[in-house]
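I opened the notebook to record what I looked up in this structure. The entries follow in the order I made them.

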Amino acid sequence: MARTRKATEAPIDRLEAMLARLQLSGIRDQLDNLLDEAARANLSARETLFLLCEREIARKDHRRIEMALKLAHFPAVKELAGFDFEAQPSIDPKQIRDLAASRWIANGENVLLLGPPGVGKTHLSIALGREAILAGYTVQFTTATTLVAGLAKAHGERRLDEKLLALAKPKLLIVDELGYLPLEPDAAHLFFQLVSRRYETGAMLITSNRSVAEWGTVFADPVVATAILDRLLHHSHVLTIRGDSYRLRAKRKSGLIQPPAADGPPVGSASLRPVSGGANLQPTS
């Protein structure tokens with residue numbers, strides 16, 4: 001009896017060892033349950049093999065997505081399903097759905113989300129980043145101030161090329177809140193090097209409360225700002241949000257804050273035009 005038990009256990013041990021060697025942990029960890037499921041459904045050998053492979057792929061995809069979400073460093077969990085398009089009628093939901101398909105990332109294109117604070121730019125950037133991860137792309141999220149500070153530090157330590165190489169690796173680099181805080185004096189030149197490194201090879205998504213016409217002020221260098229925009233807008237999708245702030249809407253309803261004046265466009269809603277004299281910088285999609 002003991003010899004029979006050893007004879008039946010040995011192939012199982014060898015099977016688990018082979019599954020581990022092939023890195024098929026999804027099948028190995030659920031083998032008995034999967035085989036029971038196949039037996040209850042009277043699956044053929046081919047159908048059983050399909051079931052095993054399907055569950056293994058699902059396990060690997062789940063772990064890949066979990067790891068990619070951690071590496072992206074998103075500041076919060078935001079999804080497109082949670083975005084209130086009715087509250088922001090200036091946004092075309094179809095255009096956002098098209099961007100969520102992530103074809104622009106495969107093509108190394110850029111997305112600029114412009115508009116005043118509180119209209120959902122960061123929400124959309126994170127949501128599109130999550131969709132990119134689900135589509136199999138690597139993503140990194142950072143704020144503009146953190147990004148430029150990191151570039152400046154690397155430059156001072158004589159490892160700027162190493163930093164630029166690391167920032168060039170993600171298929172999508174999201175830079176949030178450009179223009180909200182003053183940048184370092186050399187920010188324009190450092191940011192230009194990053195944009196040039198990723199030009200037509202890696203996609204960028206940038207959110208800003210300033211229209212592109214104001215980026216010369218943002219970077220304190222209109223000439224370099226124009227060169228940056230020339231590359232960013234060459235293959236781009238520019239969305240300008242003209243809605244009201246989510247965070248202040250409730251306060252206005254309660255009368256604590258007066259609504260903004262009706263005349264004049266909101267911050268970030270200026271039409272696209274050159275930062276300084278030169279070629280027209282109209283975006284192409």
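Is aspartate 29 buried, partly exposed or exposed? I looked up its relative accessibility, which is 44%, so aspartate 29 counts as partly exposed. I note here that the model is a predicted one.

**Salt bridges**

I stayed with aspartate 29. Its side chain meets that of arginine 59 in a salt bridge, at 3.3 Å from N to O. Aspartate 29 sits in helix α2 (residues 25–40) and arginine 59 in helix α3 (residues 45–72), so this pair ties together parts 30 residues apart in sequence. I then checked the partner: arginine 59 has 19% relative accessibility and counts as buried. The cut-off for buried is under 20%. I also found a network of salt bridges that links Arg28, Asp29 and Arg59.

Which side chain does glutamate 37 meet in a salt bridge? I found arginine 55, at 2.8 Å from N to O. Glutamate 37 belongs to helix α2 and arginine 55 to helix α3, so the pair ties together parts 18 residues apart in sequence. I looked up both accessibilities. Glutamate 37 is partly exposed at 28%. Arginine 55 is partly exposed at 27%.

I turned to aspartate 161. Its side chain and that of arginine 197 form a salt bridge at 2.7 Å, N to O. Aspartate 161 is in helix α8 (residues 160–168) and arginine 197 in helix α9 (residues 187–198), so parts 36 residues apart in sequence are tied together. Arginine 197 is partly exposed, with a relative accessible area of 31%. I closed this entry with the count, which is eight salt bridges.

**Leucine 52**

I went back to helix α3, where leucine 52 is placed. Is leucine 52 buried or exposed? Leucine 52 counts as buried, at 13% relative accessibility. I looked for contacts beyond its neighbours within four places in sequence, and found Ile27 and Leu34. I also took the C-alpha separation between leucine 52 and leucine 31: it is 8.3 Å, for residues 21 apart along the chain.

**Nonpolar cores**

How many residues does the largest nonpolar core have? I read 32. Those with the most contacts inside it are Val175, Leu178, Phe191, Met204, Ile206, Trp215 and Phe219. I listed the elements that give two or more residues to this core: β1 (110–114), α7 (144–156), α8, β3 (172–178), α9, β4 (203–208), α10 (215–219) and α11 (222–232). The largest share, six residues, comes from α9. I noted a second, separate core of 29 residues, with Ala72, Phe74, Phe83 and Phe141 among them.

**α7 against α9**

At what angle do α7 and α9 pack? I read about 95°, with the axes 10 Å apart. The two helices are therefore roughly perpendicular to each other. From α7 the contact takes in Leu147, Val148, Leu151, Ala152 and His155. From α9 it takes in Ala187, Leu190, Phe191 and Leu194. I recognised Phe191 from the core entry, where it is listed with the residues that have the most contacts.

**Threonine 142**

I found threonine 142 in strand β2 (residues 139–143). Threonine 142 counts as buried, with 11% relative accessibility. Leaving aside neighbours within four places in sequence, I found threonine 142 in contact with Leu147, Leu173, Ile174, Val175 and Asp176.

**Helix α6**

I checked the span of helix α6 (residues 121–134) next. At 1.5 Å a residue, its 14 residues should span 20 Å, and the end C-alpha atoms are 20 Å apart, which agrees. Why do I call α6 largely enclosed by the rest of the structure? 10 of its 14 residues are buried, so the description holds. The buried residues include Leu124, Ile126, Leu128 and Ile133. Lys121 and His123 are also in the buried list. I noted that glycine 136 follows α6 and has a positive phi, near 100°.

I then looked up helix α4 (residues 93–100) against α6. Their axes come within 9 Å and cross at roughly 40°. That makes α4 oblique to α6. Ile96, Leu99 and Ala100 of α4 make the contact with Leu124, Leu128 and Glu131 of α6.

Methods. Residues are numbered from 1 along each chain as its sequence is written. This is a predicted model: local features need pLDDT of at least 70, side-chain atom pairs count only at pLDDT 80 or more; totals for chains, interfaces and linings use all residues. Side-chain values use heavy atoms; hydrogens and water are left out. A salt bridge is a side-chain nitrogen of Lys or Arg within 4 Å of a carboxyl oxygen of Asp or Glu. Helices (H or I, at least four residues) and strands (E, at least two) are DSSP runs, numbered from the N terminus. Buried means under 20% relative accessible area, exposed over 50%, partly exposed in between (1.4 Å probe, protein chains only). A nonpolar core is a set of buried Ala, Val, Leu, Ile, Met, Phe, Trp, Tyr and Cys residues joined through side-chain atoms within 4.5 Å. The expected span of a helix is 1.5 Å times one less than its number of residues. Axes are lines fitted to C-alpha atoms, for helices over the stretch in contact, and angles run from 0 to 180 degrees between N-to-C directions. Angles under 35 degrees count as roughly parallel, over 145 as roughly antiparallel, 65 to 115 as roughly perpendicular and the rest as oblique. Contact means heavy atoms within 4.5 Å.
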